[in-house]
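Hello,

I am passing a structure on to you. Please open it first, then read my notes below.

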Amino acid sequence: MAIKTFREVIAEAMSEEMRRDESVYLMGEEVAEYNGAYKASKGMLDEFGPKRVIDTPIAESGFTGIAVGSTLTGCRPIVEYMTFNFSLVAIDQIVNNAAKILQMSGGQWNCPIVFRGPTASAGQLGATHSQAFENWYANVPGLKVVVPSNPYDAKGLLKSAIRDNDPVIFMESEQMYGDKMEIPEEEYLIPIGKADIKREGKDVTIVSFGKIMKQALMAAEELAKEGIEAEVIDIRTVRPMDYDTIIASVKKTNRLVILEEAWPFASVSTEIAYMVQQKAFDYLDAPVKRITTKDTSAPYAPNLFQEWFPQAKEVVSAVKAVMYKS
């Protein structure tokens, strides 16, 4: 085991898969000469050369289209966006091309491609650089959506995403690139579509994903001081979602709080709440609670941002509400 950062394991996962399969390549803004905007492709240009680690112009629609088209010639591209806010420029290529190639070709062509980069907020970056689009992309049949919350999961899931024959949206966080944890020296994969129970508990289920998992785990620590044992589930994959793990937990705890860094309307938490009431309604001892960002664009001012962004204390309050504790 070795201590490695999130950015290091992203580069490691891509490099390992590029050594394993010559059809894998990386393209995006500043991924080559600059070693990545967040240094998540450090050293890769030196090892693989400019034909497999490709700097692009600031033209997401263009290089996304090139990457999608290259899958039809046997390539397996990784496309990095400096932020998923910029993927909106290429959303036609992602939603109308990558997601639909398999169906519209009658099963003749797969589209093995990974679209990766940071999602959601990262501090004072303004409204247009602080958006979470997990639920947007998860709404599209043909796309898989993966949002890891820590370096260990990120490496195993990214390797699985690169090997997958379907297009995968792989969402990271600028605020997690410096996170560190022990990573095995030997190769490992984490299957797409399998949630992970980060903390066992019996009193209430807390479900979350991505960097906001930190708030969920902080809340669980605070609740434990008051004798409330929360089971914390990291779904890891938004689509396909591991409903079974969530349902099994709710059947055990009889209460559910969902935490998500996204706008409330038609959110991932909305989908989870629906599936729980559909499959475990008779096990619920309280209405499902969800905590999201406020229903407005992200503010720039730090005091307003603090009010907009979901906090651990809100999770604690929601848990006490579903347990009917003051």
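The protein chain has 12 helices and 14 strands. Helices (H or I, at least four residues) and strands (E, at least two) are DSSP runs, numbered from the N terminus. This is a predicted model: local features need pLDDT of at least 70, side-chain atom pairs count only at pLDDT 80 or more, and totals for chains, interfaces and linings use all residues. Residues are numbered from 1 along each chain as its sequence is written, and side-chain values use heavy atoms, with hydrogens and water left out.

Overall size and packing

The radius of gyration is 20 Å, close to the 20 Å that the globule rule gives for 326 residues, so the chain is as compact as a globular protein of that length. That radius is taken over C-alpha atoms, and the rule is 2.2 Å times the number of residues to the power 0.38. The C-alpha trace spans about 60 × 45 × 40 Å along its principal axes. Of the 326 residues, 58% are buried. Buried means under 20% relative accessible area, exposed over 50%, partly exposed in between (1.4 Å probe, protein chains only). Take the contacts (heavy atoms within 4.5 Å) between residues at least 6 apart in sequence: 81% of them join residues at least 24 apart.

The sheet

Seven strands form an open sheet in the order 3-2-4-5-7-6-12, and the pairing is mixed. Two strands pair if DSSP finds at least two bridges between them. Strand 3 (53–55) and strand 12 (237–239) are the edges, each pairing on one side only. On average, neighbouring strands are turned by 20° against each other, direction ignored. Strand 2 (residues 24–28) runs parallel to strand 3, and three bridges join them. One pair of bridge partners is Leu 26 and Val 53, the latter in strand 3.

Helix 7 (residues 151–163) lies across six strands of the chain, among them strand 4 (76–80) and strand 5 (114–118). It runs at about 160° to strand 7 (168–172). Axes are lines fitted to C-alpha atoms, for helices over the stretch in contact, and angles run from 0 to 180 degrees between N-to-C directions.

A helix pair

Helix 3 (residues 60–71) and helix 4 (residues 91–98) have axes that come within 8 Å and cross at roughly 25°. That makes the two helices roughly parallel (angles under 35 degrees; over 145 is roughly antiparallel, 65 to 115 roughly perpendicular, the rest oblique). Ser 61, Thr 64, Gly 65 and Val 68 of helix 3 meet Gln 93, Ile 94, Asn 97 and Ala 98 of helix 4. Three of these residues are nonpolar, five polar and none charged. Here Ala, Val, Leu, Ile, Met, Phe, Trp, Tyr, Cys and Pro count as nonpolar, Asp, Glu, Lys and Arg as charged, and the others, Gly among them, as polar.

Backbone points to check

Most residues other than glycine have a negative phi, and most peptide bonds are trans. Ala 120 has a positive phi, near 65°. It sits in the loop between strand 5 and helix 6 (134–138) and is buried at 6% relative accessibility. Arg 236 also has a positive phi, about 65°. Its loop joins strand 11 (230–234) and strand 12, and Arg 236 is buried at 7%. A cis peptide bond, with omega about 0°, joins Arg 239 and Pro 240. Pro 240 lies in the loop between strand 12 and helix 9 (243–253).

Best wishes
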